[in-house]
Amino acid sequence: MVDVSRRRSVALFIMLGGGLISVILLLFGWYLFQWRSGWLLALGLLLLLALIAGVVLNTFFLVREIRRNEQQDAFINAVTHELKTPVASIRLYLQTLQTRSVDDDKRKEFYGIMLSDSDRLLETIEQVLRTGRIGARSRGPNLAPIDLNGIVQECVNRTRALYHIAPDSLSFRPGPEVTIRADMEEVRAALSNLIDNAVKYSGSDVRVTVETTPVNDHTVAVRVRDQGPGIPKTELKQIFKRFHRVPGTGGVRIPGTGLGLYIVRSVAKRHGGRAWAESEGVGRGSTFVLQLPVAK
Ligand code: ADP
């Protein structure tokens with residue numbers, strides 16, 4: 001509902017701006033007809049240009065303000081939901097442990113669930129902090145030579161352990177050894193987001209492959225391919241925007257804040273690289289590519 005009313009007000013402001021410009025142009029036509037020459041014409045022309053520029057600027061800033069508000073709402077919705085759900089779950093298990101006598105096995109199971117809920121909570125907080133850090137342009141990446149295959153292997157192992165996945169379901173095919181000059185923490189975050197997403201959106205049928213391949217002498221690519229729900233063509237660029245989640249392809253049901261791919265693209269840009277998504281469409285899997293420059 002909020003979205004529809006926002007879109008309506010954006011359309012209204014654009015129409016209003018367009019309408020005002022048309023009225024000004026009509027007035028100018030009439031004015032030209034009345035005053036065909038002289039300094040008044042030049043002055044009128046100047047005033048007209050100033051008016052048009054004013055209307056265009058006004059419309060532009062209004063629309064930008066509406067978009068900013070929209071982003072803030074999306075942020076509050078996504079993050080509060082992601083913070084509230086695990087806290088509510090932990091509270092419920094604690095209440096159960098406090099009020100009922102629970103046998104040892106059940107107690108252990110509850111502790112396990114509470115631990116993974118608190119991990120999810122920490123991950124959300126870390127994701128928000130990371131977005132802030134990466135967005136702050138004053139601080140550049142902390143560059144150091146990194147063995148790419150080593151860091152990819154580390155992220156693959158982490159995701160396997162986190163989601164309890166067999167190596168067959170999440171495999172890594174390392175290419176030739178290569179060193180990149182990068183910020184270890186940022187690259188680790190970008191790779192983990194891509195690999196976690198591939199697993200997370202695959203549901204119960206996880207078939208994910210991660211590869212490193214040289215593109216040319218200066219660039220190397222990491223490709224993360226899954227056989228999951230795929231991504232509609234119209235969404236391939238949108239998903240890299242902050243808080244954007246694809247409705248209907250599992251994106252809204254699966255927990256998330258919509259910050260992961262924004263972090264991936266920001267990290268790629270900060271290192272002089274690129275990140276993009278490829279998919280043949282819904283139901284046909286996706287491939288995410290992260291290209292980074294090789295160390296000289
Ligand atoms: P989050 O996963 O927290 O929603 P991301 O920024 O990582 O945020 O992803 C944005 C959206 O892109 C997701 O909500 C989902 O709709 C879509 N997406 C990301 N990775 C995949 C994938 N491997 N397969 C299908 N959809 C994906």
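On the surface of this predicted model, Val 23, Leu 27 and Trp 30 make up a nonpolar patch, and their accessible area together is about 330 Å². Leu 27 belongs to helix α1, which covers residues 2-34. The relative accessibility of Leu 27 is 52%, so this residue counts as exposed, the cut-off for that class being over 50%.

From the surface we turn to empty space. Rolling a probe the size of a water molecule over the atoms shows where such space is left. The second largest pocket has a volume of about 1000 Å³. Its lining consists of 38 residues, and those nearest the pocket centre are Tyr 163, Asn 197, Lys 200, Pro 255 and Gly 256. Two or more lining residues come from each of α3 (104-135), α4 (148-163), α5 (184-200), α6 (260-270) and β7 (286-293). Helix α3 gives the most, with 6 residues. Sorted by class, the lining of this pocket holds 14 nonpolar, 15 polar and 9 charged residues.

The search for enclosed space covers the whole structure and finds 1 cavity of 30 Å³ or more. The volume of the largest cavity is about 40 Å³. Around this cavity lie Arg 130, Arg 133, Ile 134, Arg 139, Asp 183, Glu 185 and Glu 186. The elements that contribute two or more residues to the cavity lining are α3 and α5. Here too α3 gives the most, in this case 3 residues. By class, the cavity lining has 6 charged residues, 1 nonpolar residue and no polar ones. Helices α3 and α5 thus appear in the lining of the second largest pocket and in that of the largest cavity.

Methods. Residues numbered from 1 in each chain as written. Predicted model: local features only at pLDDT ≥ 70, side-chain atom pairs only at ≥ 80, totals over all residues. Heavy atoms only, no water. 1 Å grid on protein atoms, 1.4 Å probe; cavity = no way out; pocket = protein on both sides within 12 Å on 5 of 7 lines; lining within 4 Å. Points joined across faces, edges and corners; volume = space filled by probe spheres on them. Helix = DSSP H or I, 4+ residues; strand = E, 2+ residues; numbered from the N terminus. Nonpolar A, V, L, I, M, F, W, Y, C, P; charged D, E, K, R; others polar. Patch = residues over 30% accessible without salt bridge, like charges linked within 9 Å, V, L, I, M, F, W, Y side chains within 5 Å. Areas by Shrake-Rupley, 256 points an atom, 1.4 Å probe, with all protein chains shown as cover. Salt bridge = Lys/Arg side-chain N within 4 Å of Asp/Glu carboxyl O. Buried < 20%, exposed > 50% of the residue type's maximum accessible area, 1.4 Å probe, protein only.
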